[in-house]
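Subject: Structure handover

Hello,

Here is the structure I said I would pass on. My notes on what I found follow below it.

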Amino acid sequence: MSINPINATEAIRESYLSYLTTTFRFRDATLQEQFESNLRQGADFIKGPILEATPPFERGSTIAGLIEEGILSSQFNALNTPLLPVDRTLYRHQEEAIRKLVVDRRNVVVATGTGSGKTETFLIPILNYLFREEEAGRLGPGVRALLLYPMNALANDQLVRLRILLKNYPRITFGRYTGETEESHTVALERYRRTFRGEEPLKNELISRQQMRENPPHILLTNYAMLEYLLLRPRDSVFFDSIYAQYWRFIVIDEAHTYSGAKGIEMAMLLRRLKDRVVAGEEGRLQCIATSATLGGREDARRIVDFASQLFGEPFEWSEDDPARQDVIEAVRLPVARKTEGWGKPAPQIYKIWQEIIADTCADEVTGEVIRELAKHGKEKGIPQTVLAEATEKSSGAKGWRAFLYEVLKGDLRVIALQQELQEGPQDFWYLAGRIFPDVSDPAEALVSLVDLANKAKVDGESPPLLPARYHLFVRAIEGAYLSLKPEKRLFLARRESWKEDERDYPVFEVATCRQCGATYLVGYLCSDNGQNYLKQLGTRSEKIAYFLLLPEEVSINTFDEDEEVEFPQPHTSANAFESYLLCGSCGAVERENATVPPCRCGRGNYYRVVRVPVTRDQKVFLCPACGKRSSQGMVWRFLVGTDAAASVLATALYQQIIPKKREILEESQTAEDPWCSFSVTRGRERRKFGTLDDSRKLLVFSDSRQDAAFFAPYLNRTYNQILRRNLILKVIQEHKDEVLSNRWRIQDLINPLLEMIKEADLLPGCSIQEQKNEAWKWVLHEFLALDRRISLEGLGLLGFTLVKPPHWAPPRPLMQAPWNLTEAEIWMLYQILIDTLRVKGAVLFPEHISPRDAFFQPRNRELYFRAHVASRQKGVFSWNSAVLNSRLDFLIRLARNISPGISEEECRGVCKRQIQPTLA
């Protein structure tokens, strides 16, 4: 089992709710208590887990069968790759798409789910067309198929697939033309060899722009932004206007649902410009294919074909009565429930026992020992001997324990009942646990074990599982906090305009808090009605935002100094800076406190004193008058969750719940022929098996937004590494707690134990001991500076820093006399507070051998080496030596300063020298 849904759900729930309660907080104890209570009890922010069956897709013909029919070319046999074997059965929807594209020459939209083989639906017809062209002697240079992807990552994935697919067929060329594609072929070749550890590219893979302009590939992969450039730049006109541009046939748009709204209009116009260039805008000469897992199905078919027609400017049809005119391809799944008679129910403990047995077994284990162990415990727990004997016989040979599980569990009445429940659709996990195990003390754990076993049970390696299923967990973002002031303060975490109590409606206001002190603000816009002003919640249109600080009863308006806003970012208007208002909690009326008339007729008992605070031109509160803290980025936060931070919290919690898979290590003995060999090499079949845990975990995160995907990956990497570093520092302190307290550790005392832990965890592979020590210093000093103070170890109360009193320190006498009359202890405390402000404000120098900027160059070192090395080769320098050091160093410095303009030339030169020096050895 790769993940336990119960543990994962609880971990994600706790992580997410802890993130919300630490990110947003009220200074008002009553509101804070309500906030935490609503998060954990009242508001349904996390729903699940949900169990969904994912039965296999209905099968169709094979590629070999389509070859026999004459639909596909026999050249598919020449591919000879396990990625696309001719005897593999296609899904029914894949076959349908191939027939429509190859035989009927229709435009199609492949609207099937994730993992349904959408790529094959267009790659097979494209390859077939290229095979036919070769058979006819027409396969010269020139684009036949354009594959458009919304992200470079998807284009790169397709590139890997094409490398494998066309490895044995060099006559079909392909290339990726994106921002990552190098101009020069020499540079591109060096980069390819470096990326793939010395491997050479395929003869039919065009890896540089220079190559593709000289010999345009048959299959061109790019993104819509680069396609815009290709159409504009004269040097790229070879793809559209030259003698090679007359063979265009296919346009494929992957993830077509991303092109909606303005973006969809831009793409549609771009495709029309493309068609004007390659086919003179003639309709029907190009075949258009769109793929998407989220466009919809048969019920939305008419809207889908309308969307595709507008996007491509080509005809797409849907006729309910004529299958030949149905251009939306959807997948058909097999039923979950199978018609079979059950043999009964075993004792429920058997599922956990079996799960533990196979957890210690490698996935490809086929020996009979595991099967005998399973059969032994099965008999003890009530499984009929005849069932176990038949399962043992059918799982003999190479089928293994998976086939044994399949043969036994297919007649288990609990499995049959579970299949029937899931046949109706996704079900709540807890509901299913009670239905399948009504008389078990812990039905949830029993269901987890049963689902895990049924998901691993297979007749053979190619067959679908007995119960293919997956878990879903839905997490809802917080979309604001709302407060009703009357008849008592009541907080809501779901938007509502009013709150009804005692047959009376009371207004509800949106609230925000100061990120430093937690002071409560009311947020909205002012509108006038019958001569009275009201504070209303912000709508969808862009209103002028007003922020009102809700004053506690004991705070006086006179404590605020209007001079605080001088020489700070310009407020939207200075006339209303920190003006005192009265707000009616019963009707929402608001008016200045010094106005001649009250806000409304509800009575003074309904009024609350609030202070309107100035905002900058970008609608942010730069100064919180409650605590005096200020920030040009805004001091007051509405209860809105940013996408990156929340997703990072969820991804981190899920990643930590992934259970590493058991893998098999084959250790082979050293060859006797070479006694000086220093590493193990293959020698016949002499092997020893070791079961071990693979430390690597894999997590795939999807996003429909290119920008979100591009920014989230480095954000998650940075935040996760930050969490890892802080965990290590905290672990060192915990393990040496007694020494830290008794020996009064200083910052430098933390470095060596932290360095040992870094080496033990192998967190900085390839770095020297000194480099690792320098990195440990940076980790500790970043915590000392606490630039992100709220979530630093110090901000969370997990560690603290105190000033060491010099041995001959004496308090200044004037401070001990009138008017101060401070004691020695008070004076030392004052010293600590004053000096600590230097640390808080970042006025701290790193040790001489540590530069906080060095880390900036670490991810780019190899790229800098590469670019400098290529430049050297282009200038006829084929080795690094002292004679060329200065010229290469200057080149590195220019590159580095382009990356980080703020760094001084002297500091940059020192860093580059340290990075380049090892290559001279």
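How many helices and strands does the secondary structure of the chain come to? The answer is 30 helices and 27 strands. Please keep in mind that this is a predicted model. The chain has 921 residues, and buried residues make up 45% of them. Taking contacts between residues at least 6 apart in sequence, 69% join residues at least 24 apart.

Nonpolar cores

The largest nonpolar core has 43 residues. Within this core, the residues with the most contacts are Trp354, Leu374, Phe404, Leu405 and Leu418. Two or more residues each come from strand S1 (46–53) and from a series of helices: H13 (349–359), H14 (368–380), H15 (385–394), H16 (401–409), H17 (413–423), H18 (429–436) and H19 (443–456). Of these elements, H19 gives the most to the core, with 8 residues.

Which residues does tryptophan 354 contact, once neighbours within four places in sequence are left aside? They are Leu374, His377, Gly378, Ile383, Phe404, Leu405, Val408, Leu409 and Leu453. A second core, separate from that one, has 41 residues, including Ile67, Ile124, Phe250 and Val252.

Helix packing

Two helices that contribute to the largest core, H15 and H16, have axes that come within 8 Å and cross at roughly 145 degrees. Their crossing is right-handed. On the H15 side the residues that meet H16 are Val387, Leu388, Ala391, Thr392 and Lys394. Their partners in H16 are Phe404, Glu407 and Val408. Phe404 and Val408 are also among the contacts of tryptophan 354.

Further along the chain, helix H23 (residues 751–761) packs with H24 at an angle of about 120 degrees, and their axes are 9 Å apart. The crossing of H23 and H24 is right-handed. H23 makes this contact through Ile751, Asn752, Leu754, Leu755, Ile758 and Lys759. H24 makes it through Ile769, Gln772, Lys773, Ala776, Trp777, Trp779 and Val780.

Helix H26

Helix H26 covers residues 824–840, which is 17 residues. At 1.5 Å a residue it should span 24 Å, and the end C-alpha atoms are 24 Å apart, so the two values agree. The buried residues in H26 are Ile827, Trp828, Gln832 and Arg839. Why can they be said to line one face of the helix? Seen down the axis of H26, the buried residues fall within an arc of 140 degrees, and therefore they line one face. Helix H24 (769–785) and helix H25 (813–816) are included in what covers them. Just after H26, glycine 842 has a positive phi of about 80 degrees.

Backbone points to check against your own view

- Glycine 48 and proline 49 are joined by a cis peptide bond, with omega about 5 degrees. Proline 49 is in strand S1, one of the elements that give two or more residues to the largest core.
- Alanine 818 to proline 819 is also a cis peptide bond, with omega near 5 degrees. Proline 819 sits in the loop between H25 and H26.
- Arginine 197 has a positive phi, near 55 degrees, and is not a glycine. The residue is in the loop between helix H8 (185–195) and strand S7 (205–206). Its relative accessibility is 81%, and because the cut-off for exposed is over 50%, arginine 197 counts as exposed.
- Glutamate 255, again not a glycine, has a positive phi of about 50 degrees. Its place is the loop between strand S9 (250–253) and helix H11 (261–278). With a relative accessible area of 23%, glutamate 255 is partly exposed.

A loop residue

Is valine 615 buried or exposed? Valine 615 is buried, with a relative accessible area of 8%, and lies in the loop between strand S24 (607–613) and strand S25 (636–638). Tyrosine 547 is 68 residues away from valine 615 in sequence, while their C-alpha atoms are 8.0 Å apart in space.

Regards

Methods
Residues are numbered from 1 along each chain as its sequence is written. This is a predicted model: local features need pLDDT of at least 70, side-chain atom pairs count only at pLDDT 80 or more; totals for chains, interfaces and linings use all residues. Side-chain values use heavy atoms; hydrogens and water are left out. Helices (H or I, at least four residues) and strands (E, at least two) are DSSP runs, numbered from the N terminus. The expected span of a helix is 1.5 Å times one less than its number of residues. Buried means under 20% relative accessible area, exposed over 50%, partly exposed in between (1.4 Å probe, protein chains only). The arc is that of the directions from the helix axis to the C-beta atoms. Contact means heavy atoms within 4.5 Å. A nonpolar core is a set of buried Ala, Val, Leu, Ile, Met, Phe, Trp, Tyr and Cys residues joined through side-chain atoms within 4.5 Å. Axes are lines fitted to C-alpha atoms, for helices over the stretch in contact, and angles run from 0 to 180 degrees between N-to-C directions. A crossing is left-handed if the near helix is turned anticlockwise from the far one by less than a right angle, and right-handed if clockwise.
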